[in-house]
Structures are given as structure tokens and as C-alpha cells.
Amino acid sequence: MIVWIVFIAFVLVFLALDLGVFHKNDHVIKSKEAGIWTAIWVTVALSFSGVIYWLFNTGLIENPTGLTPNNAVLKYITGYLIELSLSVDNVFVIAVIFSSFKIPPLYQHRVLFWGILGAIVFRALMIFFGVALITKFEWIIYIFGVFLLYTAFNMLKGEDDNYDPKNSFVFKQIKKIYPVTTQMHGHDFFIRRMGIKAATPLFVALIVIELTDILFALDSIPAILAITADPFIVFTSNILAILGLRSMYFLISRMLEKFRYINYSLVVILAFVGLKMLFSHYIELPEWVSLAVISISLVSGILASVLIKEKTTP
């Protein structure tokens, strides 16, 4: 448990520094700053693979699935890349939510900070129960596999292209439960007008982003559980990918139109992981195969987006 406590403490300390020091004053996150922070978080996440090797080599962490240090590192990197790639779709939805509720760029980092803090808690719970289910009921892996294939199919059809947060069930329920105002009041989540306390668009956007992340976790958690059921690897790769999501949002949200083929990469990744789950008891693929499929899918989607010119209508 000491290793878990140290890792969680590291995350909490950095989050405190993030809001209390690095982003104490609200400011618009420019592409350069976002690029630097994205590079820092990717470096931290990949460097953590050395910690994974050390922990499994020395036996300082419980190893319920009997992984060798090398296999543990491969599974961690593969899981991290899966979570990072699926975050791209999350970035698109966050951009739509901010646009729908007219959240100024000045306050977007604050909303994402609290949103990701909540996401860490919810994902930790989902990982705990997901690992417990797969460990106790092996047949659950088939349900996860079918669910991922269904998600990939829906993504291929593009059913979420017309997503409007203001017409969502969540937003309608918030308005019924608590007064909502359309007025902004700095970075405050609540304001009091004429004796009535009301939620600002910042708070509404935060709740919608939080619940949207839970829906995304329904895809990402089963996806990484197809790679490994080791709880520490699943948790650390997931959390480090989430921590890098804020800077990634500010880096690529302005370039989403350029990456118009990246959704096809996500379809391939989800379909591959779903099939891997369905055939897990019959075919055992080496870890490098999963890593290669995910990497090639992402690179292919990015290259296709850059090299293939978009057709212009006359």
C-alpha cells in the first residue's frame, strides 16, 4: 500500500502546485504553453515505465497476474497509449461543451482542473470494480469485448456528430434541481442574486464534462483491462493519461479540423481491443503486437489527416 500512497500523494501535490502556483492567476493557455506542458506530462508518463520496471523487479508492488518486469513495462506503455488515444475523442466533446455554454478561454483551465480531479476519483472506483469483476468472473471480459465493438461501430457511423450539451438529459436535470444563470461572474461556479444562489455556466459545464468523462471511462477502462488486469498498471497509466488531458486539450482543440481522420484510428483501436478480449482465452498475442497496432493506427490517422487534402465544394 505504501507504493499506492506515494503515487497518489505525488498526483495530489502536483495538482495543488498546478492550481496554486503554475495557474494561480486565470489566463488564456496559448499553444506554446500547452505544448510544453503536454511534452512534460508525456515525458513523465513514459519515464514512469522505469519506475514500473523497478517495482516489479524488486517485488515492492503486489504482482497478482505474475508479470515479469519487461512485460509489466510493455503493458503499462500499451495501456497509457490506449488511454491517451481515446482522450482525443474526449477533447472534441470538451470543445463542444465549452462552445455550447460560451465558456471564455480565460476560465477553461479552471473548469478542466476540477473536472479532472473528479475524473480521477470516478475512474479509480471504476478500475477497482472492473479489476474485481474480471478477477472473479472471467466471462465478464466477453461482455466488455462486445461493448467495445459496439462502441467502435457507433463511432464509425458518427452518431455523436450532432451532440448538443444544452439538449442533453444531464443539462435538463440540472435546471430542474438547481437554479441556473446564463451570466458569468469571473471564475465563480456560483453567484447570489436577489437572495437566490444560482449555478453559473462554469459549474454547468463542469458537471456535464464530469459525467461525459464517466461515459468515456466506460470505453477506456474495459480497453485497458484487455491489456492487463494488474490494478497498479491500470490505475497509473489511466491517471497519468488523464493528467495530461488538460494541456492536450489546449494544444489540439484548435487543430481538431486538421485531424479529421483520427476517429478512424480510434475505431481501429477499439475494434482491435474488443476482438482481443473476445479471443483472449484462445489466442495470446505478444504485447508488442498490441503496442504496434495502437501506434500504427494513431500515426496512420495523423498522417492521413495531414497528407490527404480535404475536398472543397464548389
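Within helix H9, the residues Leu-245, Arg-246, Ser-247, Met-248, Tyr-249, Phe-250 and Ile-252 are buried. Buried means under 20% relative accessible area, exposed means over 50%, and partly exposed lies in between, with a 1.4 Å probe and protein chains only. Helix H9 spans residues 245-252, and 7 of its 8 residues are buried, so the rest of the structure largely encloses it. Helices (H or I, at least four residues) and strands (E, at least two) are DSSP runs, numbered from the N terminus.

The model is predicted: local features need pLDDT of at least 70, side-chain atom pairs count only at pLDDT 80 or more, and totals for chains, interfaces and linings use all residues. Residues are numbered from 1 along each chain as its sequence is written, and side-chain values use heavy atoms, with hydrogens and water left out. The predictor's confidence in each residue is the pLDDT, on a scale from 0 to 100. Its mean over the protein is 78. A value of 70 or more is reached by 84% of the residues. Confidence is highest in helix H2 (residues 31-58), with a mean of 89. It is lowest in helix H6 (residues 169-177), with a mean of 72.

The protein holds 11 helices and 2 strands. From the N terminus, the order of elements is α-α-α-α-α-α-β-β-α-α-α-α-α. The chain has 314 residues, of which 47% count as buried.

Aromatic contacts were searched for across the whole structure, and 11 pairs were found. Rings of Phe, Tyr and Trp (its six-membered ring) pair if their centres lie within 6.5 Å; planes under 30 degrees apart count as stacked, over 60 as edge-to-face and the rest as tilted. One edge-to-face pair joins Phe-7 and Phe-232, with 6.2 Å between centres and 70 degrees between planes. Phe-7 belongs to helix H1 (residues 2-22) and Phe-232 to helix H8 (residues 231-243), so the pair ties together parts 225 residues apart in sequence. Phe-7 and Phe-232 are both buried. Phe-7 also pairs with Phe-235: the ring centres are 5.9 Å apart and the planes stand at 70 degrees, so this pair is edge-to-face. Here too, distant parts of the chain are linked, with Phe-7 in helix H1 and Phe-235 in helix H8, 228 residues apart. Phe-7 counts as buried because its relative accessibility is 5%. Phe-235 is buried at 7% relative accessible area. Ring pairs link Trp-4, Phe-7, Phe-48, Tyr-76, Phe-232 and Phe-235 into a cluster.

Helix H8 also contains Val-234. This residue is buried, with a relative accessible area of 0%. Between Val-234 and Tyr-76, the C-alpha distance is 7.4 Å, across 158 residues of sequence. A further long-range contact involves Ile-209, in helix H7 (residues 201-225). Ile-209 is buried, at 8% relative accessible area. The C-alpha atoms of Ile-209 and Asn-90 are 9.2 Å apart, although the two residues are 119 apart in sequence.

One charge–ring contact involves Lys-197 and Phe-190. The charged end of Lys-197 sits over the Phe-190 ring, 5.3 Å from its centre. A charge sits over a ring if NZ of Lys or CZ of Arg is within 6 Å of the ring centre and within 35 degrees of the ring normal.

Helix H11 covers residues 287-307 and includes Leu-303. Ser-295 lies in helix H11 as well. Ser-295 is partly exposed, at 29% relative accessible area. Its C-alpha atom lies 9.1 Å from that of Ile-82, 213 residues away along the chain. Leu-303 counts as partly exposed because its relative accessibility is 46%. Val-299, Ile-302, Leu-303, Val-306, Leu-307 and Ile-308 make a nonpolar surface patch of about 560 Å². Patches are made of residues with over 30% relative accessible area and no salt bridge; like charges are joined within 9 Å, and nonpolar side chains (Val, Leu, Ile, Met, Phe, Trp, Tyr) within 5 Å. A salt bridge is a side-chain nitrogen of Lys or Arg within 4 Å of a carboxyl oxygen of Asp or Glu. Accessible areas come from the Shrake-Rupley method with a 1.4 Å probe; for residues, only the protein chains shown count as cover.
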